[in-house]
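Subject: Structure handover

Hello,

Here is the structure I promised to pass on. Please open it beside this email and follow along.

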Amino acid sequence: MAVLITRPDQAGKQLAEMLNKVGIANIHLPFFSISAGRELNQLPNKISQLKSGDYIFCVSKSAVKFAVETLLATGFQWREDIEYFAVGQGTAEYLASHGEIAVHYPFQQENSEGVLNLPLMQDLTDKNILILRGNGGREHFLEQAKVRGATINVLECYQRLPIDYNNDEQIDLWKRAGINCVLVTSAEILHSLVDFVPVREQTWLKGCQLVTISRRIANLALAVGWQKENIIIAPKADNATLVETLASRLLTS
């Protein structure tokens, strides 16, 4: 088995190193780079405007990373009278360790749906929620939180910037390296991957096993041509779980 890793930046590099250590060949080819968001200078003021008991929801470790750097640079602290939420365990632990604060997160379903299922998210009447995220992304949490009574404010903590490659050169490299498994951790990456591969190579691409992190992304993959038996959903999105999922697949293949 050889794996194409599309997870961007440090998380993708770390995953590649972890797979190398367990003997799984891989190529790391991110379709986006991550850089500082255009609204970070507004973060201290946005946090100050929240009422005691309001919520801050961090959608990813990248959002936390740039937020932490901004607050350190301005001498601003995470408030202790705010409830903090993260989309999964990795992001929650990262925020908790840097902010010295308690963070709520879903244990089983590490996505927006899981966060919305948390007890504190059921009645959001009169709550202000500051969402720290990247440019674009899903609107599901925002829309559902509004329905439940919340006032939403979104702050762009990071930007996903597309990376240009020579399509034919990369696909030739993938095939020569024996790539037969593709790891996709977001809907944006899935769409970028499908758009990147020319029509004449789509059959080859969809013959590769797809490892992803949610039923939603798996359904999108089915819609663009993957077969159900060729899709594996990892139970969590962190790198350790992804390595375990890929290693298990190698043992059973």
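Below is what was found in it, topic by topic. Please keep in mind that this is a predicted model.

**A buried arginine**

Start with Arg 7. Look for Arg 7 in the loop that runs between β1 (2-5) and α1 (9-21). Arg 7 is buried, yet it has no salt bridge. Asp 238 is the nearest side chain of opposite charge, and it lies 7.4 Å away. A salt bridge needs the nitrogen and oxygen within 4 Å, so that pair does not qualify.

What does the side chain of Arg 7 reach instead? One partner is the backbone oxygen of Ala 237, at 2.9 Å. Another is the side chain of Asn 239, with a polar contact of 2.8 Å. Leaving out residues up to four places away in sequence, Arg 7 also touches others, including Gly 12, His 28, Pro 30, Thr 185 and Leu 242.

**Two nonpolar cores**

Nonpolar side chains tend to be buried together in soluble globular proteins. Here the largest nonpolar core has 40 residues. The residues with the most contacts inside it are Leu 4, Phe 31, Trp 174, Val 182, Val 184, Leu 193 and Trp 226. Several elements give two or more residues to this core. Among them are β1, α1, α7 (167-176), β9 (181-183) and α11 (239-252). Which element gives the most to this core? It is α8, with five residues.

Val 182 is a good place to look inside. Setting aside neighbours within four places in sequence, Val 182 is in contact with Leu 4, Leu 193, Leu 205, Cys 208, Gln 209, Leu 210 and Val 211.

There is also a second, separate core, made of 27 residues. Phe 66, Ile 82, Val 103 and Tyr 158 are included in it.

**Cysteines without a bond**

How many disulfides does the structure hold? The count is zero. Take Cys 181 as a case. The closest cysteine sulfur to that of Cys 181 belongs to Cys 208, at 7.9 Å. Why is there no bond between them? A disulfide needs the two sulfur atoms within 2.5 Å, so 7.9 Å is too far.

Cys 208 is likewise in no disulfide, and its nearest cysteine sulfur is that of Cys 181. Cys 181 is buried, with a relative accessible area of 0%. Cys 208 counts as buried too, at 2% relative accessibility.

**Salt bridges**

A search of the whole structure finds nine salt bridges. Three are worth opening here.

- Asp 81 pairs with Arg 79, and their closest N and O atoms are 3.0 Å apart. Asp 81 is partly exposed at 32% relative accessibility. Arg 79 counts as buried at 17%.
- Arg 133 pairs with Glu 139, with the closest N and O atoms 3.1 Å apart. Arg 133 counts as buried at 13% relative accessibility. Glu 139 is partly exposed, with a relative accessible area of 31%.
- Asp 168 and Arg 200 meet at 2.6 Å, N to O. This pair links distant parts of the chain, 32 residues apart. Asp 168 is in helix α7, while Arg 200 is in the loop between α8 and α9 (202-207). Asp 168 counts as partly exposed at 43% relative accessibility. Arg 200 is exposed, with a relative accessible area of 60%.

**Two positive phi angles**

Most residues other than glycine have a negative phi. Two residues here call for a look at the backbone.

Asp 9 is not a glycine, yet its phi is positive, at about 55°. Where does Asp 9 sit? Its place is in helix α1. Asp 9 is partly exposed, with a relative accessible area of 27%.

Glu 100 is not a glycine either, and its phi is positive at about 50°. Glu 100 is in the loop between α4 (89-99) and β6 (103-104). Is Glu 100 buried or exposed? It is exposed, with a relative accessible area of 73%.

That is the tour.

Best wishes

Conventions. Residues are numbered from 1 along each chain as its sequence is written. This is a predicted model: local features need pLDDT of at least 70, side-chain atom pairs count only at pLDDT 80 or more; totals for chains, interfaces and linings use all residues. Side-chain values use heavy atoms; hydrogens and water are left out. Helices (H or I, at least four residues) and strands (E, at least two) are DSSP runs, numbered from the N terminus. Buried means under 20% relative accessible area, exposed over 50%, partly exposed in between (1.4 Å probe, protein chains only). Lys and Arg count as positive and Asp and Glu as negative; His and the chain ends are not counted. A polar contact is a pair of N or O atoms within 3.5 Å; within protein, one must be able to donate a hydrogen and the other to accept it, and residues adjacent in sequence count only if both atoms are side-chain atoms. Contact means heavy atoms within 4.5 Å. A nonpolar core is a set of buried Ala, Val, Leu, Ile, Met, Phe, Trp, Tyr and Cys residues joined through side-chain atoms within 4.5 Å.
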